[in-house]
Amino acid sequence: MSNGTAASNLQKQHKPVRNVRKPVRTGSILKKILVQLLVIVIMVLNLIPLVIVLSTSLRSPDNNTNPLDLFNEISFTSYRTAFERMHFGSALLNSVVLTAISVLLVVIFAAMASYPMARIRSKWSQFLYLFFLAGLVVPGQMVLIPIVQMINSLGIPSTQYTPILMFVTCSLPFSTFLYTGFIRSGVPEEVEEAAHIDGAGLFRRFWTVVFPLLIPVTVSVIITQGIWIWNDYFFNMTFISKSSQSPLPLAMLGFMGDQQNPTQWNVLFAACMLCALPLLIAFSFLQKYFVGGLTVGSVKG
């Protein structure tokens, strides 16, 4: 009996397994097709203005044909005119310095402020977290007049570095939101406990253990806030008065015409492409960290 039972079990083990096909639901297939079509439509709607701008910028300044007649001329005359008239070299340097200093201060202050809010579980830390988030509700433009009056009363001169105060202040709420969520969900406390056992102090634990783990969300902060600071002209126009200190957005305002001097759209679009080119280059190197930092940093919090 034992041999017969073993033989039957052996036959069951070697019995071929039939592949059971799962029924295909037509509803799920249609849903995927609709989602893909929606993505394609959104992509096309976003690409159409960019293609028109690129096509118009590749025309000579005196070419006033229909903008929808795409790429009827390939000429870099408008780019050369825009490069010379906006003093692209000095304006680019001013934008790089202004954006780099502002983003560096935002990263330092936001990361340091988010660390205790993410680790200390108390009512005060929750209050501070909500206090920072309240800054997302009130835009900086609404309180610009009292801020300008306060800056003047403090005797702070209006230079190319004055807008950094507004850039850092307006960037901290969203940046602390990202950092706090990322530290809570993406940085295990066991790593800090191991460093604490080894004798590392609070300051050393943060900069040598925690901060290197914040690279994805740091890149996300650099991209989101850097793009805004790079493209902003409102605060720059308010505090910067000298043309030699103007960043790229202010330099582009010189191409806006009036009734006597109509706007040369070909040259203006060429200037827009020149201003966007450094951002495209920077984003191409940082894009692999961008999505991960945003998604992981906003799961919890």
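**Exercise 1. Determine which residues of helix 5 meet which residues of helix 7, and describe the packing of the pair.**

*Solution.* Step 1: list the contacts, where contact means heavy atoms within 4.5 Å. Gln126, Tyr129, Phe132 and Leu133 of helix 5 meet Pro173, Thr176, Phe177, Thr180 and Arg184 of helix 7. Helices (H or I, at least four residues) and strands (E, at least two) are DSSP runs, numbered from the N terminus.

Step 2: sort these residues by class. The contact of helix 5 with helix 7 has five nonpolar, three polar and one charged residues. Here Ala, Val, Leu, Ile, Met, Phe, Trp, Tyr, Cys and Pro count as nonpolar, Asp, Glu, Lys and Arg as charged, and the others, Gly among them, as polar.

Step 3: obtain the geometry. Helix 5 (residues 123–133) and helix 7 (residues 163–186) pack at an angle of about 140 degrees, and their axes are 8 Å apart. That makes helix 5 oblique to helix 7. Axes are lines fitted to C-alpha atoms, for helices over the stretch in contact, and angles run from 0 to 180 degrees between N-to-C directions. Angles under 35 degrees count as roughly parallel, over 145 as roughly antiparallel, 65 to 115 as roughly perpendicular and the rest as oblique.

*Basis of the values.* The model is predicted: local features need pLDDT of at least 70, side-chain atom pairs count only at pLDDT 80 or more, and totals for chains, interfaces and linings use all residues. Residues are numbered from 1 along each chain as its sequence is written, and side-chain values use heavy atoms, with hydrogens and water left out.

**Exercise 2. Characterise the protein chain as a whole by its secondary structure and burial.**

*Solution.* Step 1: the secondary structure of the protein chain comes to 13 helices and zero strands.

Step 2: of the 301 residues in the protein chain, 33% are buried. Buried means under 20% relative accessible area, exposed over 50%, and partly exposed in between (1.4 Å probe, protein chains only).

Step 3: consider contacts between residues at least 6 apart in sequence; 73% of them join residues at least 24 apart.

**Exercise 3. Establish which residues of helix 6 are buried and which are exposed.**

*Solution.* Step 1: in helix 6 (residues 144–153), the residues Leu144, Ile147 and Ile151 are buried. They lie on the same side of helix 6, because they cover an arc of only 60 degrees around the axis. The arc is that of the directions from the helix axis to the C-beta atoms.

Step 2: relate this to helical periodicity. An α-helix has 3.6 residues a turn, so residues three or four places apart point the same way.

Step 3: Ile145, Gln149, Asn152 and Ser153 are exposed on the other side of helix 6. The cover of the buried residues includes helix 7 and helix 11 (234–239).

Step 4: Gly155, with a positive phi near 75 degrees, follows helix 6.

**Exercise 4. Find the contacts of Leu172 and of Thr99, not counting residues up to four places away in sequence.**

*Solution.* Step 1: Leu172 is found in helix 7 and counts as buried at 17% relative accessibility. Leu172 touches Val106, Phe109 and Ala110.

Step 2: the C-alpha atoms of Leu172 and Gln225 are separated by 9.4 Å, with their positions 53 residues apart along the chain counted as the separation.

Step 3: Thr99, in helix 4 (residues 88–119), is buried at 12% relative accessibility. Thr99 touches Gly226, Ile229 and Trp230.
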